[in-house]
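Hi everyone, thanks for letting me take the slot today. I'd like to walk you through one structure, and I'll keep it informal. Let me put it up on the screen.

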Amino acid sequence: MGIIRGGNAEYESASPSLEGKTPKVEETILQALDKATLNLSGKHFSADETIILSRSEILKTVKFLDLSDNRIGNLELKTLSPFLQNIEELHLGINSFTDEGVVELARCQELKNLRVLSLNDNRLTDVSIAEIVKSPNLGNLEALSLGWNLIGNGTAKALEETRTLVKLKRLDLERNYIDNEGVVELLKARSLANLEELN
């Protein structure tokens with residue numbers, strides 16, 4: 001943006017480069033770390049911050065990662081996914097990714113240690129959630145949160161058909177579009193035989 005002062009145009013400096021942002025983001029990551037827990041909820045992380053996080057050695061020590069309420073989009077998910085091999089609990093609620101990003105996440109082989117996955121409040125549809133519940137990479141999931149999305153009977157049908165989520169104990173489907181037909185599918189789901197909590 002040009003600012004006129006005394007007849008001469010001065011320009012505000014551009015936003016910091018990736019290298020310029022790195023020290024501050026690394027400090028934010030360090031401050032958010034508590035043993036094996038990294039809580040970055042609401043830190044306004046988007047493309048550059050996600051790249052910096054993916055390069056961080058700290059990520060290798062983390063088992064609980066909370067990236068909810070950020071600006072994580074499809075590109076950010078793709079950037080981060082290969083570096084999540086040690087993560088056991090991943091929170092991605094209230095972000096900016098779409099079905100496309102979640103399909104990529106479901107296909108990521110680095111998620112085999114994941115036990116808890118939260119995708120709530122992202123306006124996802126049956127397309128991506130079907131990929132999640134059928135993914136052989138997510139066979140260790142014990143808790144799956146899908147509340148406040150746009151899923152319906154297609155997700156219920158996928159849950160009925162999957163033979164992957166046999167360890168699932170908690171399933172959150174709050175505020176979605178599953179009707180009577182979908183409930184029937186859920187009741188038939190062998191994969192939900194160990195379920196202890198259903199919202």
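Before anything else, one term: a residue is called buried when its relative accessible area is under 20%, exposed when that is over 50%, and partly exposed in between. Keep that in your head, as I'll lean on it for most of this talk. Also, please remember that what you're looking at is a predicted model.

Okay, the overview. The protein has 199 residues, and 44% of them count as buried. Its C-alpha trace spans about 75 × 35 × 25 Å along the principal axes. For secondary structure, we get seven helices and 10 strands. And if you take the contacts with a separation of 6 or more, 82% of them are between residues 24 or more positions apart.

Now for the charged pairs. How many salt bridges does the structure hold? The count is 11, and I'll show you three of them.

Start with K63 and E88, whose side chains meet at 3.9 Å, N to O. K63 sits in the loop between α2 (47–55) and β5, while E88 is in the loop between α3 (74–80) and β6 (89–91), so this salt bridge ties together parts that are 25 residues apart in sequence. How open are they to the outside? K63 has 41% relative accessibility, so it counts as partly exposed. E88 comes out at 25%, and so it is partly exposed too.

Next pair: R115 and E142, with a salt bridge of 3.6 Å, N to O. Here again distant parts of the chain are linked: R115 is in the loop between α4 (99–106) and β7 (116–118), E142 is in the loop between α5 (126–134) and β8 (143–145), and they are 27 residues apart. R115 is partly exposed at 30%, and E142 is partly exposed at 24%.

The third one joins K157 and E185, at 3.8 Å, N to O. This time we're looking at helices: K157 belongs to α6 (residues 153–161) and E185 to α7 (residues 180–188), 28 residues apart. K157 is partly exposed, with 34% relative accessibility. So why does E185 count as buried? Its relative accessible area is 12%, and the cut-off for buried is under 20%, so E185 falls on the buried side. This pair also has company: K134, K157, E160, E161, E185 and K188 are joined into one network by salt bridges that share partners.

Now compare that with D66, in strand β5 (residues 64–66). D66 is buried yet has no salt bridge. Where is the nearest side chain of opposite charge? That would be K43, 11 Å away. What D66 does touch, leaving out residues up to four places away in sequence, is L38, N39, L40, S41 and H91.

Last stop, the largest pocket. It holds about 170 Å³ of space. Which residues line it? They are K21, K24, V25, T28, K43, H44, F45, E49 and R71, and you'll recognise K43 as the neighbour I named for D66. By class, that lining has five charged, two polar and two nonpolar residues. Helix α1 (residues 18–32) gives the largest share, four residues.

That's my tour, so over to you for questions.

Definitions and conventions
Residues numbered from 1 in each chain as written. Predicted model: local features only at pLDDT ≥ 70, side-chain atom pairs only at ≥ 80, totals over all residues. Heavy atoms only, no water. Helix = DSSP H or I, 4+ residues; strand = E, 2+ residues; numbered from the N terminus. Buried < 20%, exposed > 50% of the residue type's maximum accessible area, 1.4 Å probe, protein only. Lys, Arg positive; Asp, Glu negative; His and termini not counted. Salt bridge = Lys/Arg side-chain N within 4 Å of Asp/Glu carboxyl O. Contact = heavy atoms within 4.5 Å. 1 Å grid on protein atoms, 1.4 Å probe; cavity = no way out; pocket = protein on both sides within 12 Å on 5 of 7 lines; lining within 4 Å. Points joined across faces, edges and corners; volume = space filled by probe spheres on them. Nonpolar A, V, L, I, M, F, W, Y, C, P; charged D, E, K, R; others polar.
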